[in-house]
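Work through the exercises below with the sequence and the structure open. Try each task before reading its solution.

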Amino acid sequence: MALTIDRDEIIGTLKREIQEITDMQEFQNLKSKYLGKKGLIKSLMNSLKDIDDVELKKEYGKSVNELKEELETLFDEKLSELKEKEREEKEKKNWVDITIPGARRKIGKENLITKTRKEIEEIFIGMGFSVAEGPEIENSWYNFDALNTPEWHPAREMQDTFYLSLDKEKLLRTHTSPVQVRTMLKSKPPLAIISPGRVYRKDELDATHSPVFHQVEGLYVDRNVSVSHLKMYLEVFAQKFFGNKVSVLLRPSYFPFTEPSFEVDISCIFCGGKGCNVCKNTGWIEILGAGLVHPNVFQSVNYDPKVWQGFAFGMGIERVAMLKYNIPDLRELYKNDIRFIENS
Ligand code: PHE
């Protein structure tokens, strides 16, 4: 029995079929239809056994092999075509337009307390002061005793203290005044320092109070220092910080570590002193406590009060920041609300 292969028809059909292939899956299916285990070539080969004549067998086998090679070539060509298409698609998908401008990133901003602290520092540094630091965890001696506030002293109850030990020896400093003591113990007079930092008091958080807040302490020690020096330095500070028109008022007050002691007001920066809501129609706003260093304080640091005098002050950073930047609620300074920070 003789067998013939219609090569042209097979090739023609495959060429048409192969043209319609668009992806790898279709390609594999078509390829196995022709070249797979149950494919066309296999079944053509299987017919070999039906041919008896050796010469015809040879010829038939040869033409099936030739056909197989032609088919393989067609599939190989299609495979490279598909791979090239895949590569192009991937490239298209991953294409990056490096000429598009980048997305604008927000950069960090200084918290208003830090900004205000630096402004205060700059002003006093400009007047010859240097910056000193002290610990937030204090011994009661530095926070109270050395500041003329012995245990029996009623002023010890003036501020509600966070104690860290039952014997009340360790505490969170209630003011920056202990840095006065630490500085004087370390250095000889004359001196002029400011000391900014965190202080702690048992206060409920509300629009004007916080259990943690910031102060700047000032200490100036020299011979023949008087209240007029204190007033001059505070006036220069207030005018640089709040503006040229501001004036300063000293009102008698009491602190154990100064004598005389004052509450210091500035003329109202909102109404210029005429009287408004903010200054409660007084024309004045309190910004700090101050006074001349008490002789007992000098004694506790071994300065001779007959030779040395000095003034000291303690200012609330939040307080002056709220006034200068017109912030009605202290809590805004700690909330980290991005809308507040961006506008501050
Ligand atoms: N330490 C005082 C306070 O916290 C402020 C002050 C400092 C007063 C220095 C006088 C002198 O209220």
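The exercises that follow concern a predicted model, and each solution goes step by step.

**Exercise 1. Packing of α1 and α2**

Task: Determine how helix α1 and helix α2 are oriented to each other, and which residues make the contact.

Solution.
- Step 1. Locate the helices: α1 covers residues 7–20 and α2 covers residues 24–35.
- Step 2. Take the geometry. The two helices pack at an angle of about 165°, and their axes are 10 Å apart.
- Step 3. Classify the angle. Angles over 145 degrees count as roughly antiparallel, and α1 and α2 are therefore roughly antiparallel to each other.
- Step 4. Add the handedness: α1 passes α2 in a right-handed crossing.
- Step 5. List the contact. From α1 come I10, T13, L14, E17, I18 and E20, and from α2 come E26, L30, K33 and Y34.
- Step 6. Sort these residues by class: five are nonpolar, one is polar and four are charged.

**Exercise 2. Packing of α5 and α8**

Task: Repeat the analysis for helix α5 and helix α8, and state the class of their angle.

Solution.
- Step 1. Helix α5 spans residues 112–126, and helix α8 spans residues 227–242.
- Step 2. Their packing angle is about 135°, with the axes 10 Å apart.
- Step 3. An angle of about 135° lies outside the ranges for roughly parallel, roughly antiparallel and roughly perpendicular; α5 and α8 are therefore oblique to each other.
- Step 4. The crossing of this pair, α5 and α8, is right-handed.
- Step 5. On the α5 side the contact uses T116, E119, I120, I123 and F124, and on the α8 side F237, K240 and F241.
- Step 6. By class, the contact of α5 with α8 has five nonpolar residues, one polar residue and two charged residues.

**Exercise 3. Helix α4 and its residue L71**

Task: Compare the span of α4 with the expected span, then describe the surroundings of L71.

Solution.
- Step 1. Helix α4 runs over residues 54–93 and has 40 residues.
- Step 2. From first C-alpha to last, α4 reaches 58 Å, close to the 58 Å expected at 1.5 Å a residue.
- Step 3. Find the buried residues of α4: Y60, G61, V64, L67, L71, L74, F75, K78 and L82. They pack against α1, α2 and α3, the last being residues 40–46.
- Step 4. Turn to L71, which is found in α4. Its relative accessibility is 0%, so L71 counts as buried, the cut-off being under 20%.
- Step 5. List its contacts beyond four places in sequence: L71 touches I10, I11, L14, Y34, L35 and I41.
- Step 6. Check one pair. L71 and Y34 are 37 residues apart along the chain, and their C-alpha atoms are separated by 7.9 Å.

**Exercise 4. Two residues, K33 and G283**

Task: Decide whether K33 and G283 are buried, partly exposed or exposed, and list their contacts.

Solution.
- Step 1. K33 is found in helix α2. With 46% relative accessibility, K33 counts as partly exposed.
- Step 2. Apart from neighbours within four places in sequence, K33 is in contact with E17, G39 and L40.
- Step 3. G283 is found in the loop between β7 and β8. Its relative accessible area is 1%, so G283 is buried.
- Step 4. With neighbours within four places again left aside, G283 is in contact with I266, S267, C268, G273 and G275.

**Exercise 5. Backbone exceptions**

Task: Place two cis peptide bonds and two residues with positive phi.

Solution.
- Step 1. Recall the background: most residues other than glycine have a negative phi, and most peptide bonds are trans.
- Step 2. P189 and P190 are joined by a cis peptide bond with omega about 0°. P190 is found in the loop between α7 and β4.
- Step 3. The bond from E259 to P260 is also cis, with omega near -5°. P260 is found in strand β7, residues 258–267.
- Step 4. N281 is not a glycine but has a positive phi of about 65°. N281 is in the loop between β7 and β8 and is exposed, at 61% relative accessible area.
- Step 5. N302, again not a glycine, has a positive phi of about 60°. N302 is in the loop between α9 and β9 and is exposed, with a relative accessible area of 67%.

Key. Residues numbered from 1 in each chain as written. Predicted model: local features only at pLDDT ≥ 70, side-chain atom pairs only at ≥ 80, totals over all residues. Heavy atoms only, no water. Axes fitted to C-alpha atoms, helices over the stretch in contact; angles between N-to-C directions. Helix = DSSP H or I, 4+ residues; strand = E, 2+ residues; numbered from the N terminus. Parallel < 35°, antiparallel > 145°, perpendicular 65-115°, else oblique. Left-handed = near helix turned anticlockwise from the far one by under 90°. Contact = heavy atoms within 4.5 Å. Nonpolar A, V, L, I, M, F, W, Y, C, P; charged D, E, K, R; others polar. Expected span 1.5 Å × (residues − 1). Buried < 20%, exposed > 50% of the residue type's maximum accessible area, 1.4 Å probe, protein only.
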